[in-house]
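Here are a few exercises to work through with the structure on screen. Try each one yourself before you read its solution.

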Amino acid sequence: MALFSLGGRFFKCTTDIKRVMKESFQSYCSSLASGRQHVNGVDLYYEQTGRGKHAVLLIPGALGCIWTDFGPQLKSLNKERYTVVGWDPRGYGQSRPPDRDFPPDFFERDAKDAVDLMKALGFDKFSLLGWSDGGITALIAAAKNPDLISKMVVWGSNAFVSQQDLKLYNAVRDVSKWSARMRQPMEEVYGAQVFAKTWEAWGDGIAQFAKRPEGSICLELLPLISCPTLIIHGEKDPMVPSFHPQCLLKHIKGSQLHLMPEGKHNLHLRYADEFNRLVEDFLGD
């Protein structure tokens, strides 16, 4: 087993998970539409599968993109019930140029890009699935666009940055200290130099929130979320302490929390079948 970085977080990844991701990617390609959509001054890469009436947008984590973060969901979510859209946020994956940067409003910018992409693709109502940083983006998008968002599922996400979080981030900041196998997935997407530079910039970007009152990223927006919300938390997640999902549950009216006792940060990949059933049951209610 080797440590593996996806979506801006670390977890143990077996070769089985890598195999499942590869098979998932290959199998859904035959029913896939893809392209670039000009949104807010950038060309955003997206992939779309399924033909259901319920549109769902998948939002990846930090430095994450479609194929690194959501293969099992694109493959296996019910294509008769859902139209599933994956995308690479600006500066990530195939949505380059531009190079990625992390100004104080980068989560708000990603949220606007996500919503405007779906509008440009012709969806006037849709649900959000957000992992890690993508969950933060989803929270902001849902709070600011209540008429557009049907339902939301978030996992591995946080609405504030604590001193404990900073220690976790700083421990993995220097990619030169990672093993080659740890670096490989993101280096395949970005190249070694760009990955190292972008990862360090992400570390600075996320740390800036710790200087805000209560370390808020979007705490003040949580009470504005009105869509049905499912929060999933892996109880063995090494990067997201349990006080984060509890905070979301407390401040998002009517939200639900589902705990996965063996889940780590990559619970939607490691336990893809269970995760997908949870999501489909929630979206279908």
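**Exercise 1.** How many helices and strands are there in the protein chain?

*Solution.* Start with the count: this predicted model has 11 helices and 10 strands in its protein chain. Next, look at how the chain is packed: 58% of its 285 residues count as buried. Then turn to contacts between residues at least 6 apart in sequence: 75% of these join residues at least 24 apart. Finish with the outside, where the chain exposes about 11900 Å², with 50% of that supplied by carbon and sulfur atoms.

**Exercise 2.** How many aromatic pairs does a search of the whole structure find, and what is the arrangement of F106 and F107?

*Solution.* The search turns up 12 aromatic pairs. For F106 and F107, check the distance: the ring centres are 4.2 Å apart. Now the angle: their planes meet at 35 degrees, and since stacked needs under 30 and edge-to-face needs over 60, this pair is tilted. Last, check the surroundings: F106 is buried, with a relative accessible area of 0%, and F107 is buried too, at 1%.

**Exercise 3.** Work out how the rings of W178 and W199 are arranged, and where the two residues sit in the chain.

*Solution.* The centres of the W178 and W199 rings lie 5.5 Å apart. Their planes are at 75 degrees, which is over 60, so the pair is edge-to-face. As for location, W178 belongs to the loop between α6 (163-171) and α7 (180-190), while W199 is in helix α8 (residues 192-207). They're 21 residues apart, and the pair links distant parts of the chain. W178 is buried at 6% relative accessibility, and W199 is buried at 2%. Now widen the view: ring pairs link Y169, W178, F195, W199 and W202 into a cluster.

**Exercise 4.** Which ring does R100 lie over, and which ring has the charged end of R270 over it?

*Solution.* Take R100 first: it lies over the face of Y92, 4.3 Å from the ring centre. Then R270: its charged end sits over the ring of Y271, at 4.9 Å from the centre.

**Exercise 5.** How many disulfides does a search of the whole structure find, and why has C218 no bond to C247?

*Solution.* Recall that a disulfide is a covalent bond between the sulfur atoms of two cysteines. The search finds zero of them. For C218, the closest cysteine sulfur is in C247, 8.6 Å away; the cut-off is 2.5 Å, so that's too far for a bond. To round things off, C218 is buried at 0% relative accessibility, and C65 counts as buried at 1%.

Definitions and conventions: Residues numbered from 1 in each chain as written. Predicted model: local features only at pLDDT ≥ 70, side-chain atom pairs only at ≥ 80, totals over all residues. Heavy atoms only, no water. Helix = DSSP H or I, 4+ residues; strand = E, 2+ residues; numbered from the N terminus. Buried < 20%, exposed > 50% of the residue type's maximum accessible area, 1.4 Å probe, protein only. Contact = heavy atoms within 4.5 Å. Areas by Shrake-Rupley, 256 points an atom, 1.4 Å probe, with all protein chains shown as cover. Phe/Tyr/Trp six-rings, centres within 6.5 Å; stacked < 30°, edge-to-face > 60°. Lys NZ or Arg CZ within 6 Å of the ring centre and 35° of its normal.
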